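This report describes selected features of one structure, from helix packing to single residues. The sequence and the model come first.

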Amino acid sequence: MLVSAKEMLTKAKAGKYAVGQFNINNLEWTKAILQTAQELQSPVILGVSEGAGKYMCGYKTIVGMVEGMLEELNITVPVALHLDHGSFEGAKACINAGFSSIMFDGSHYPIEENIAKTTELVNACNVLGLSLEAEVGSIGGEEDGVVGAGECADPDECKAVADLGVTMLAAGIGNIHGKYPDNWAGLSFETLDAIQAKTGDMPLVLHGGTGIPADMIKKAISLGVAKINVNTECQLAFQEATRKYIEEGKDLEGKGFDPRKLLAPGAEAIKATVKEKMELFGSVGKA
């Protein structure tokens, strides 16, 4: 069954490792991630953006698909189904649909409005036993139309939001969604250190995990990051593997592409990417 991300992230922060959030876009992605997590005995968070939610026919469809896979694939590791960068209305919709974890991205609101909306969701999630992620200081790049330049969060604002009782906090420290530009200045560990000093034991979240050098990932974990999001790297791996399959001209004896075989190389590429990241994050064997 789906679980809140609270216990897995509390253990991760105490143990100085991070749980990976891998965004899903279809059945193949979901199956590949779950199978890899089970093989490596790693807890995992399945992320769903609002755009992916619409593509996959709605949040209730996603809950049904994931819960069915957990049973049919005999998945025993902890799995949280998490709304990624949710709007206020999107967060409420996912709560009603049966998600076990929610992110409300109020970073584009004035801090007072961010706090007010987050407070309402804290109350709802506490009643239902769901985990809740909040964000302060927008993440660079674009995610489902939400654009950020990679600002660094104010540690005092982070404390104000953390004190509301959220489960985890995403704080901008110069990280970016998508590919990192050549002139990227890197993560601001000074900001991260100050945020952890203000927020104490609260698990911190690093968005934009694709493209961040391994040494920066490990240092971020040492400074309180307990959840790292990966999406672009899986997209690129899936795209490249599928492209190669098509270019090889395998048309299954002239019968046209079998979609199951067409998507299989991409799914294997996602498994390899997820395995590499779980090993880097230190979550292998932590289920």
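A crossing of two helices is called left-handed if the near helix is turned anticlockwise from the far one by less than a right angle, and right-handed if it is turned clockwise. The model discussed here is predicted.

## Packing of H4 and H5

By that definition, H4 passes H5 in a right-handed crossing. The residues in contact are Tyr59, Lys60 and Val63 on the H4 side, and Gly90, Ala93, Cys94 and Ala97 on the H5 side.

Two packed helices are described by the angle between their axes and the distance between the axes. For H4 and H5 the angle is about 45°, and the axes are 9 Å apart. Angles under 35 degrees count as roughly parallel and those from 65 to 115 as roughly perpendicular; H4 and H5 are therefore oblique to each other.

## The Tyr59–Phe99 pair

A search of the whole structure gives 4 aromatic pairs. One of them joins Tyr59 and Phe99, with 5.6 Å from centre to centre and 85° between the planes. Planes over 60 degrees apart count as edge-to-face, so the Tyr59 and Phe99 rings are an edge-to-face pair. Tyr59 belongs to helix H4, residues 59–72, while Phe99 is in the loop between helix H5 (88–97) and strand S4 (101–104). The pair therefore ties together parts that are 40 residues apart in sequence.

Are these two residues buried or exposed? Buried means under 20% relative accessible area. Tyr59, at 15% relative accessibility, counts as buried, and Phe99 is buried with a relative accessible area of 2%. Tyr59 also takes part in the contact between H4 and H5.

## A ring cluster and Lys117

Phe88, Phe104 and Tyr109 are linked into a cluster by ring pairs. Lys117 lies over the rings of two members of this cluster, Phe88 and Tyr109. The charged end of Lys117 is 5.6 Å from the centre of the Phe88 ring. Over the face of Tyr109, the distance from Lys117 to the ring centre is 4.9 Å.

## His82 in strand S3

His82 is part of strand S3, which covers residues 79–84. With a relative accessible area of 0%, His82 is buried. Leaving aside neighbours within four places in sequence, the contacts of His82 include Gln21, Ile45, Leu46, Gly47 and Val48. Phe99, from the aromatic pair above, is also in contact with His82, as are Ser101, Ile102, Met103, Met168 and Lys227.

Glu133 is another contact of His82. His82 and Glu133 are 51 residues apart in sequence and 9.2 Å apart in space, taken from C-alpha to C-alpha.

## Positive phi in two loops

Lys16 has a phi near 60°, a positive value in a residue other than glycine. Lys16 is found in the loop between helix H1 (6–15) and strand S1 (19–23).

Gln41, also a residue other than glycine, has a positive phi near 55°. The loop that holds Gln41 runs between helix H2 (27–40) and strand S2 (44–49). Gln41 has 34% relative accessibility and counts as partly exposed.

## Lys218 in helix H9

Lys218 is located in helix H9, residues 214–222. Its relative accessible area is 53%, so Lys218 is exposed. From C-alpha to C-alpha, Lys218 and Ala162 are 23 Å apart in space, with their positions 56 residues apart in sequence.

Methods:
Residues are numbered from 1 along each chain as its sequence is written. This is a predicted model: local features need pLDDT of at least 70, side-chain atom pairs count only at pLDDT 80 or more; totals for chains, interfaces and linings use all residues. Side-chain values use heavy atoms; hydrogens and water are left out. Rings of Phe, Tyr and Trp (its six-membered ring) pair if their centres lie within 6.5 Å; planes under 30 degrees apart count as stacked, over 60 as edge-to-face and the rest as tilted. Helices (H or I, at least four residues) and strands (E, at least two) are DSSP runs, numbered from the N terminus. Buried means under 20% relative accessible area, exposed over 50%, partly exposed in between (1.4 Å probe, protein chains only). A charge sits over a ring if NZ of Lys or CZ of Arg is within 6 Å of the ring centre and within 35 degrees of the ring normal. Axes are lines fitted to C-alpha atoms, for helices over the stretch in contact, and angles run from 0 to 180 degrees between N-to-C directions. Angles under 35 degrees count as roughly parallel, over 145 as roughly antiparallel, 65 to 115 as roughly perpendicular and the rest as oblique. Contact means heavy atoms within 4.5 Å.
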